[in-house]
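Biologist: Please take me through this model and give, for each term you apply, the grounds on which it is applied.

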Amino acid sequence: MSPNAPPPIPVIPAEAPLPEAPPDDPGSEAQAHAHDAADPFAPLREQFFVPVMAAYGERGEGASRPCAYLCGNSLGLQPKAAYGAVRQELQDWAVLGVEGHFQARRPWLTYHESFTEGLRRLVGAAPGEVVAMGSLTGNLHLMLASFYRPTPARFRIVIEEDAFPTDAYAVVSHAAFHRMAPAQAVTRIRARPGTRLIDTEDVLNLFDRQGRSIALALLPGVQYLTGQALDIARITAAARAQGITVGWDLAHAIGNVPLSMHQWGGGADFAVWCSYKYLNAGPGSPAGVFVHQRHAERTDIPRLAGWFGNEPSARMAMRPDFVPRAGAEGWQLSEMPILSSAPLRASLELFDAAGWAENLRRKSAVLSAALRRGVEWAASARPGAEAPLRVVTPERAPERGAQVSVAVAGDGRALQQRLLRQGVVCDFRQPDIIRLAPAPLYNSFHDVWRAADALRRAVEQGW
Ligand SMILES: *Cc1c(COP(=O)(O)O)cnc(C)c1O
């Protein structure tokens with residue numbers, strides 16, 4: 001067995017009982033280990049490479065100790081099977097050359113099809129509605145080109161004030177593309193003052209007030225900064241009732257929370273995502289697109305076309321006319337990047353073994369609740385008027401994903417750097433947010449315990 005070969009994949013039963021989340025304080029280290037021993041998902045951690053503390057500068061005895069890696073919302077860990085999956089394609093290339101398009105174990109010409117069923121499960125899509133392709137931002141442009149069709153009366157495009165920058169750039173550039181001033185065309189939904197969260201009622205009120213002038217709304221399934229899970233069903237239904245085209249950015253939602261994009265609210269028009277966050281497919285791995293069935297056969301909307309979106313018979317005949325494939329596959333442009341796609345296969349197998357997001361979510365809710373309480377316990381080490389740490393992520397499980405976002409009073413970057421030196425890997429986002437994301441596929445109760453313990457000591461010592 002090569003050193004990279006993972007152990008056999010355990011299959012996690014759908015109803016396997018989980019340990020209770022620790023109460024108000026995170027308890028002892030031994031208790032955290034006991035929780036892990038009682039966690040039916042725990043063996044899945046062995047399927048991943050977990051970075052050791054040497055990666056973050058530890059040179060002493062602790063250098064080979066695994067990190068508490070709480071950054072899977074930014075870059076998911078590498079499945080050990082990813083290596084074998086990439087090697088298979090390299091071998092097929094070496095042995096077959098161009099014939100690999102047809103004769104590779106998974107022929108490259110139709111490689112994207114090997115992801116369709118898994119992505120369909122994760123997104124909650126009907127047949128034909130998803131495809132693995134491209135990059136998130138690139139796909140967003142393709143979707144906006146097809147679905148943002150402003151008219152003099154209905155021209156607004158709605159995003160959130162704190163949208164991930166690339167989403168805002170894409171939207172603003174489409175306004176310009178249609179010769180409109182962004183200030184005129186782009187309407188931004190603000191978070192409620194003090195909470196930083198988007199209130200569903202504010203979104204619905206905006207649709208009520210300005211619905212007839214709104215062409216398209218683009219919102220995040222899970223907000224990247226706060227970890228808030230939006231009410232996709234209600235917002236989609238309200239948009240559709242007003243004739244607004246609605247798209248979702250699922251970058252932080254896919255593989256994190258259960259999704260039902262085909263059905264919720266009558267079905268969103270489109271969605272996009274990347275696969276290197278909770279999907280663990282590696283940096284630059286291929287993203288994906290959902291296009292609702294109702295658009296599957298439409299020829300009356302424009303699209304930025306490429307030969308992989310063409311009917312396969314027409315494509316290989318090199319015919320000059322473009323005849324789009326039905327469904328999401330009709331938006332493909334190019335051949336898949338096979339080498340960077342292969343790890344997604346390994347990752348989807350792990351989701352399958354885990355019982356997909358529906359089953360994993362049970363662990364995620366307990367683990368993130370434990371982390372939330374751990375942060376509050378750490379904050380209570382310095383009682384006073386202003387809490388040094390404040391969780392901004394919603395407390396109720398249906399309103400959040402795996403991530404716990406903490407607003408820091410004081411030097412947030414210094415605190416994050418201190419955590420990093422202790423092997424607690426998390427990130428800092430301006431102006432004051434530390435994001436900690438326990439991913440249920442590989443994070444443990446002990447990881448959460450380490451984060452709480454490190455935060456408590458930092459607060460006690462004024463970091
Ligand atoms: C991670 C993320 C992206 C990343 O876009 P790329 O095109 O993959 O670089 C975009 N939008 C959101 C909301 C994200 O969280």
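Modeller: In this predicted model, 31 residues of domain 1 are in contact with 26 residues of domain 2.

Biologist: What makes these residues count as being in contact?

Modeller: Contact requires heavy atoms within 4.5 Å. The 31 residues of domain 1 and the 26 residues of domain 2 are therefore those that meet this cut-off across the boundary. The C-alpha centres of the two domains lie 29 Å apart.

Biologist: How do you know where domain 1 and domain 2 begin and end?

Modeller: The bounds come from an automatic or database domain assignment. Under that assignment, domain 1 consists of 29-79 together with 356-460, and domain 2 of 86-349.

Biologist: Why is the largest pocket said to lie between the domains?

Modeller: Domain 1 and domain 2 both give residues to the lining of the largest pocket, so it lies between them. The volume of this pocket is about 360 Å³. Of the 21 residues that line it, Ala-229, Leu-230, Asp-231, Pro-398 and Glu-399 are the closest to its centre. By class, the lining has 12 nonpolar, three polar and six charged residues.

Biologist: How many cavities does the search of the whole structure find, and what makes a space a cavity and not a pocket?

Modeller: A cavity is a set of points where a 1.4 Å probe fits but cannot get out, whereas a pocket is an open set. With a threshold of 30 Å³ or more, the search of the whole structure finds two cavities. The largest cavity has a volume of about 90 Å³, and the second largest cavity has a volume of about 30 Å³.

Biologist: Which residues and elements line the largest cavity?

Modeller: The lining of the largest cavity comprises 13 residues, with Pro-22, Pro-26, Ala-370, Val-448 and Trp-449 nearest its centre. Helix H1 (29-37), helix H12 (356-379) and helix H14 (445-460) are the elements that each give two or more residues to this lining. H14 provides the largest share, four residues. The lining of the largest cavity divides into nine nonpolar, two polar and two charged residues.

Biologist: Why is the second largest cavity placed between the domains?

Modeller: The reasoning is that both domain 1 and domain 2 give residues to its lining, so the second largest cavity lies between them. Its lining is formed by Gly-255, Tyr-278, Asn-280, Phe-351, Ala-439, Pro-440, Leu-441 and Tyr-442. Six of these residues are nonpolar, two are polar and none is charged. Gly counts as polar and Tyr as nonpolar in this scheme.

Biologist: Let us turn to the sheets. What makes E11 and E14 edge strands?

Modeller: Four strands form an open sheet in the order E11-E12-E15-E14, with antiparallel pairing. Strand E11 (389-391) and strand E14 (427-429) each have a single partner strand, so one side of each is left without a neighbour in the sheet. Neighbouring strands of this sheet are turned by 30° against each other on average, direction ignored.

Biologist: How do you know that E11 and E12 are paired?

Modeller: Pairing requires at least two bridges. Three bridges join E11 to strand E12 (residues 404-408), so the criterion is met. Arg-390 has Ala-407 of E12 as its bridge partner. Helix H13 (residues 412-421) packs on this sheet, touching E11, E12, E14 and strand E15 (433-436), and the direction of H13 makes about 170° with that of E14.

Biologist: Why is the pairing in the seven-stranded sheet called mixed, and where does a parallel pair occur?

Modeller: The open sheet of seven strands has the order E4-E10-E9-E8-E7-E5-E6, and its pairing is mixed. Strand E8 (residues 245-249) and strand E9 (residues 270-273) pair in the parallel sense over three bridges, with Asp-249 opposite Val-272 in E9. The edge strands of the sheet are strand E4 (130-132) and strand E6 (186-189), each of which pairs on one side only.

Biologist: What is the peptide bond between Gln-430 and Pro-431 called, and where is Pro-431 found?

Modeller: The bond that joins Gln-430 and Pro-431 is a cis peptide bond, with omega of about 0°. Pro-431 is found in the loop between E14 and E15.

How values were computed:
Residues numbered from 1 in each chain as written. Predicted model: local features only at pLDDT ≥ 70, side-chain atom pairs only at ≥ 80, totals over all residues. Heavy atoms only, no water. Axes fitted to C-alpha atoms, helices over the stretch in contact; angles between N-to-C directions. 1 Å grid on protein atoms, 1.4 Å probe; cavity = no way out; pocket = protein on both sides within 12 Å on 5 of 7 lines; lining within 4 Å. Points joined across faces, edges and corners; volume = space filled by probe spheres on them.
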